[in-house]
Amino acid sequence: MSALNDMQDPGAEDIKSVAPTPISQFLTFELATEIYAINILFIREIIEYGNLTQVPMVPDFIAGVINLRGSVVPVIDLSSRFGRSETTITKRTSIVIIEITSENELLEIGIMVDIVNEVLEISEEAIEDAPSFGASIRTDFISGMGKIDGKFLIILDVERVLSLEELSVVSEMSIDKSTGA
C-alpha cells in the first residue's frame with residue numbers, strides 16, 4: 001500500500017491543502033450616489049416602487065406598508081434610516097424585499113433604494129473590516145467594505161440596520177394585520 005502512496009503525484013498533497021476562497025454574492029444598489037451591498041441570502045425579491053400606504057405613529061424612517069401578494073410588508077426609507085433626507089422618488093426607485101429572522105419568526109421588510117445595480121461576487125479576502133470612523137452612515141450598520149476594481153463599497157449588516165427596536169414595530173404591524181386590529 002505504501003508503494004501506491006509513493007506513486008501518487010507529489011504535488012497532489014499541495015493542491016488538496018489549498019482551499020478555494022469562499023465567494024459570496026451581494027446585491028448592489030445606490031442611495032444618494034453611494035453604492036451599498038446586501039448579502040443576496042437576505043434578498044427575496046425586488047419590486048418597482050408603488051402603492052405605498054403611509055402608517056401613522058411609526059418612526060419617520062418607516063415610509064409605509066405595501067400589499068405583497070396578500071401580506072402586509074413594512075417599507076423602510078433607507079436614506080431616512082441613515083439620518084439623511086427622505087428618498088426622492090424617481091422612475092428607478094425600487095423596493096428590495098428582504099427576509100430576516102427575529103425571535104424565530106421570519107419577517108419580510110422592504111427597503112427603498114434609489115437604483116438597484118447588479119449582483120456581484122466578492123471573495124472573503126476582498127472584504128475588509130468595517131471602519132471605526134469616517135463612514136457616511138453609522139459604523140454599526142456596516143458589516144464590511146468590499147473591494148471591487150480598486151473601489152470600496154459598503155456591505156450593510158441588515159440585522160443591525162433593522163435593529164430589534166425597529167423589528168418590534170414591524171412585528172406589531174404583522175400582529176395587527178393577523179388579528180384584524
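Here is a short tour of the model, stop by stop.

**Before you click**

This is a predicted model, so local features need pLDDT of at least 70 and side-chain atom pairs count only at pLDDT 80 or more, while totals for chains, interfaces and linings use all residues. Residues are numbered from 1 along each chain as its sequence is written, and side-chain values use heavy atoms, with hydrogens and water left out.

**Whole chain**

Start in cartoon view: you should find 5 helices and 11 strands (DSSP runs numbered from the N terminus, H or I of at least four residues for helices, E of at least two for strands). Of the 181 residues, 39% are buried (under 20% relative accessible area with a 1.4 Å probe, protein chains only; exposed is over 50%, partly exposed in between). Switch on the surface, and its accessible area is about 11200 Å², with 50% belonging to carbon and sulfur atoms (Shrake-Rupley method, 1.4 Å probe). Among contacts (heavy atoms within 4.5 Å) between residues at least 6 apart in sequence, 55% join residues at least 24 apart.

**Strand β6 and its partners**

Now select 94-102, which is β6; 7 of its 9 residues are buried. Add 43-48, strand β3, which pairs with β6 in the antiparallel sense over 5 bridges (strands pair if DSSP finds at least two bridges between them). Look for E48 opposite S94. Then add 105-113, strand β7: β6 and β7 run antiparallel, joined by 9 bridges. Here I97 stands opposite G110. The hairpin of β6 and β7 has 2 residues between the strands, and E103 takes a positive phi near 50 degrees.

**Serine 79**

Next, pick S79 in helix α3, residues 78-81. S79 counts as buried because its relative accessible area is 7%. Leaving out residues up to four places away in sequence, show what S79 touches: L31, R84, S85 and T87.

**The cavity**

Last stop: a search of the whole structure finds 1 cavity of 30 Å³ or more, with a volume of about 40 Å³. A cavity here is a set of points on a 1 Å grid over the protein atoms alone where a 1.4 Å probe fits but cannot get out, and lining residues have an atom within 4 Å of a point. Grid points are joined across faces, edges and corners, and the volume is the space filled by probe spheres set on them. Select I38, L78, I98, I111, L156, V158, V161 and L162 to see the lining. By class, that lining has 8 nonpolar, no polar and no charged residues.

Technical notes: On a 1 Å grid over the protein atoms alone, a cavity is a set of points where a 1.4 Å probe fits but cannot get out, and a pocket is an open set with protein on both sides within 12 Å along at least five of seven lines; lining residues have an atom within 4 Å of a point. Ala, Val, Leu, Ile, Met, Phe, Trp, Tyr, Cys and Pro count as nonpolar, Asp, Glu, Lys and Arg as charged, and the others, Gly among them, as polar.
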